[in-house]
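Student: Let's work through some packing. Please show me the model.

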Amino acid sequence: MHMADALVSPAVGGAMWVASAGLIAGCAGQVKRSARENVVPLMGVLGAFVFTAQMINFSIPGTGSSGHLGGGLILAVLLGPPAAFLVIASVLTVQALFFADGGLLALGCNIFNLGVYPAFIAYPFLYRPLAGDRRHSARVWAAAVMAAVAGLQLGAFSVVLETRASGISDLPFGTFVWLMQPIHLAIGLVEGLATAAVVTFVARARPESLYQSPAGSAVPGGGKPVLAGLLVAAALMGGILSWFASTHPDGLEWSIARTSGRAPVAEAKPWPAVSAETSGTGLKGGVLTLLLAGAIGLVLRWRR
Amino acid sequence: MNAGHWLEVDRLEELARLEAPAQRVDARVKAVVTLVFVVCVMSYSRYQVSALMPFFLYPIAMLARGRIPAGYLFRKILMAAPFALAVAVFNPFFDRAPMAALGPVTISGGWLSFASVMLRFLLTVGAALILVACTGMHRLCAGLESLGMPRVFAVQLLFLHRYLFVVAEEGGRMTRSLEMRGARLRALPGRVYGSLLGHLLMRALARADRVYRAMVARGFDGEIRLLRPTSLRGSDWGFLLGWTAFFVAARIWNLADLLGGLLSGGVS
């Protein structure tokens, strides 16, 4: 579900960066104030655990395919929302920097899509009320599956919205939604099962290591900074979407253009000049520039 | 679990320790230049191809000045390509309006935007990898912290990076021992998976506990101290201003078109 840089426009990427950075700052403050000193190495090691867990597959009964843990929900169960959000954000940052998974501009979107929903919505509003304090029963399994599915559905829908607002992919909205949501329903199911399997095992083997939210701060995320971040994000998304809607032919116009032939499509997009001459120059210049850049690289390599 | 994959990550860190001109540039400067680069590249309209070409100068120059093998970097980028490809590959089918002509061949807008997306993918992902390859995690985190990243998050990144390999090796040992006991399975049955991952989690928790005790034994008082980055030198300012000016210039004027026009004008 990682979005790539190449599909995000600077406006959308920047807006999501601001939202995610604000959430990170808020969560960092909360973790610092919680004054659990040992949480620092714990967060680091659990991040590494999620990385490793993503490489071990289990078979999905009856289908012949396999899946793995995504990590957001289990981190929330183990650490509580603010610390879990920081760990997810750090995992995604390392993936962007070292594995070329996602990208720098899309990092804000990815942190938001994969971090906010499991940590601040699925865990506090679905998992905790449903699972309660029980750790062995079928309720844990049901809660984990429902929370994971909800988190991933919301995340997948955000991916669609952000891609759409960026206007780089031509996939029509409806098609994209129909592509993304069912796939992530399956992925969410798998994620929920994996999370429940690990949680019930740890509950049996070492119950004291499961996170117990301190009395009084069981409110999702502990309040204001998170809410403020979400509001800012919502406002920014709204702004971008409306701006986008006014400058770009929407799905309806698009389908009209498709059914009535090609001409209106060409009219609807006046940006680049269409002429053999300019595109020829562009191609020549482009190739030449590339060669020039390569030559400069060679020169730099020689004289060190 | 692919051990080769992990060794490759370690290699990125090794490259960062080289003594080369690109590695000597201050981490903050490189981070800012990379961000400007990515924003400039992504701010083009979706049909732009030729104007992106001048931006290849930056990664190529950094590869040369940082002694980073281009083939290695390219392979890493290819591993991440499927997602961008998966979404962009539909463009040619949905957008068939003719956009450009090369002699007798007309190119549809879809193909043009497909090429544009793939080029941008190459540029932006390459720039991020280059940033790490010529900076290294420690200097990068210290630099970002002094640029305003919350310290808790900087420390979290460093811890994650440090224990990535430790926990991954633990996981590798567990899967190897499982395989040696005869379970040559690509995917594990649910019960086995739960207990395997649960054990891995408990080992990770035990490791975190040991790390914490070791930190306390060395005087950890709840406050993490990061290395202070040194002040910027003249050459750092030159790097920052020079590249930013180049990116902005390339963004405002289509340098490739100018060059092509110059050439065509000179020939005819």
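Student: Which residues does Leu86(A) touch, not counting residues up to four places away in sequence?

Tutor: Contact means C-beta atoms, placed from the backbone, within 7 Å. Leu86(A) touches Ile24(A), Cys27(A), Ala28(A), Val31(A) and Met43(A). From chain B, Val152(B), Phe153(B) and Gln156(B) touch Leu86(A) too. This is a predicted model: local features need pLDDT of at least 70, side-chain atom pairs count only at pLDDT 80 or more, and totals for chains, interfaces and linings use all residues. Residues are numbered from 1 along each chain as its sequence is written, and chains are lettered from A and ligands numbered from 1 in the order in which they are written.

Student: How many residues does the largest nonpolar core have?

Tutor: A core joins buried Ala, Val, Leu, Ile, Met, Phe, Trp, Tyr and Cys through C-beta atoms within 7 Å. Buried means 20 or more other C-beta atoms within 10 Å of the residue's own (exposed: 12 or fewer; partly exposed: in between). The largest core here has 170 residues, and Leu46(A) and Leu86(A) have the most contacts inside it. Its largest share, 15 residues, comes from helix α8 (residues 109-133) of chain B.

Student: At what angle do α2(A) and α4(A) pack?

Tutor: Helices are DSSP runs of H or I, at least four residues, numbered from the N terminus. Axes are fitted to C-alpha atoms over the stretch in contact, and angles run from 0 to 180 degrees between N-to-C directions. Helix α2 (residues 39-53) and helix α4 (residues 81-98) of chain A pack at about 50°, axes 9 Å apart. That makes α2(A) oblique to α4(A). Under 35 degrees is roughly parallel, over 145 roughly antiparallel, 65 to 115 roughly perpendicular, and the rest oblique.

Student: Which residues of α2(A) meet α4(A)?

Tutor: Val39(A), Met43(A), Leu46(A), Gly47(A), Val50(A) and Phe51(A) do.

Methods: Helix = DSSP H or I, 4+ residues; strand = E, 2+ residues; numbered from the N terminus. Contact = placed C-beta atoms within 7 Å.
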